[in-house]
Structure formats: C-alpha cells, structure tokens
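This report describes the interior packing, an aromatic pair, a backbone feature and a pocket of one protein chain. The sequence and structure are shown first.

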Amino acid sequence: MPSHDVVELILRDHRRMEDLFRTMRNVEADRATALAEFANLLIAHASAEEDKVYPALRRYKNVDGDDVDHSVHEHEEGNEALLALLEVEDTASQEWEDKLEELVTAVDHHVDEEERTLLDDARENVADDRRAQLGTAFREARARYLETDCGSVENVRKLVAGQ
C-alpha cells in the first residue's frame, strides 16, 4: 500500500532528485533525459508544496512561518539554477557541469533544511490523518503539474520571470 503521508511523499521525491543528480553527473548517462525528468519533478514538487502543503503548515503554531517563507525563497533559487542549466545546450560542456553543480548545491541545501525544519515539525505536530489528507492533496496537485510539462524551459522561464 503506497504511503499517503505527505512527509513520506515529499521525502520520496527528494530521494528521486538525488538519484537523478547522480545520473546527470555521469558522463556516460543520457543527461538530457535525466534533466527533463528532474525539471518536471522539481517544478511539480515545489509548486504542489507551495499550493497545498506550506499554507496548511503555516496554520500550526509549532511550525515556524519563517521556515515556510525561507523554503519558498529557496524554491525560487532552485528555479533560477534549473533555468540556467536548461539553457545550456551541450550536456558534455564544462558550462553544463558548472551549472549542474550550482543546481545540486541549491537543491541539496533546500532539501536538507526542509527535512530538518518543516518536515520534522510536521511529523511532530500534524496528526497522522491530517498528514494523509495533505499527502493526497500534494499528490494530486503534483500530478496536475506533471501533466502540463511544467519543467519545460519555456515554463521555467515564465516562473523565474514572475518570481
């Protein structure tokens, strides 16, 4: 039975992103395909968090609203780093390697902080049934974004321009 717990679903996406980073760092791999999956996942994941999870967490007094704001800011930084990588055409170039490392740094930093602050707070303060409800809402929103090719360079440009 798949987990409905929003914390578990978010962690599962984080681990998939780390797998994709490993693939993108591998010169033998199909980096363009891995980047396309990563871009869609990152945008769908962050957008679903901002739509469904973060507003709910803000309502808990033991969840720090500043942590939520900080996470949104880090999503914006991740989007900018993603766009910079998407705009590099040659996946075998040094520029691609450099932009990939900037993206890895931005996303890893955010994942680490989010797991230590918001997700730990959610585990401690949000009841299991509420985490399951949030998990369902997160999963549905994420799926809707994935259907729209949300990680395309055109869409990421729009997101960055509108931040």
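## Basis of the description

Helices are DSSP runs of H or I with at least four residues, and they are numbered from the N terminus. The model described here is predicted.

## Backbone at D149

By that numbering, D149 belongs to the loop that joins α5 (128-147) to α6 (153-162). Most residues other than glycine have a negative phi. In D149, a residue other than glycine, phi is positive, near 55 degrees.

How accessible is D149? Its relative accessible area is 43%, so D149 counts as partly exposed.

## Nonpolar cores

The largest nonpolar core comprises 25 residues. Within this core, the residues with the most contacts are F21, M24, F38, L82, L103 and V107. Four elements give two or more residues each to this core: α1 (6-25), α2 (31-58), α3 (65-86) and α4 (94-125). Of these, α2 provides the largest share, with eight residues.

The surroundings of F38 illustrate the packing. When its neighbours within four places in sequence are set aside, F38 is in contact with M17, L20, F21 and M24, and also with L82, L103 and V107. A separate core of 19 residues lies apart from the largest one, and L9, V53, A56 and L134 are among its members.

## The aromatic pair

The model contains one aromatic pair. The ring centres of F21 and F38 are 4.8 Å apart and the ring planes meet at 35 degrees, so the pair is classed as tilted. Planes under 30 degrees apart would count as stacked, and those over 60 as edge-to-face.

Which helices hold the two rings? F21 is in helix α1 and F38 is in helix α2, so the pair ties together parts of the chain that are 17 residues apart in sequence. F21 and F38 are both buried, and both are among the residues with the most contacts inside the largest core.

## The largest pocket

The largest pocket holds about 180 Å³ of space. Its lining consists of 14 residues, of which S47, E50, N79, L159 and Q163 are the closest to the pocket centre.

Which elements supply at least two residues each to this lining? They are α2, α3 and α6. The greatest contribution comes from α2, which gives six residues to the lining of the largest pocket; α2 also provides the largest share of the largest nonpolar core. By residue class, the pocket lining consists of six nonpolar, five polar and three charged residues.

Conventions: Residues numbered from 1 in each chain as written. Predicted model: local features only at pLDDT ≥ 70, side-chain atom pairs only at ≥ 80, totals over all residues. Heavy atoms only, no water. Core = buried A, V, L, I, M, F, W, Y, C linked by side-chain atoms within 4.5 Å. Buried < 20%, exposed > 50% of the residue type's maximum accessible area, 1.4 Å probe, protein only. Contact = heavy atoms within 4.5 Å. Phe/Tyr/Trp six-rings, centres within 6.5 Å; stacked < 30°, edge-to-face > 60°. 1 Å grid on protein atoms, 1.4 Å probe; cavity = no way out; pocket = protein on both sides within 12 Å on 5 of 7 lines; lining within 4 Å. Points joined across faces, edges and corners; volume = space filled by probe spheres on them. Nonpolar A, V, L, I, M, F, W, Y, C, P; charged D, E, K, R; others polar.
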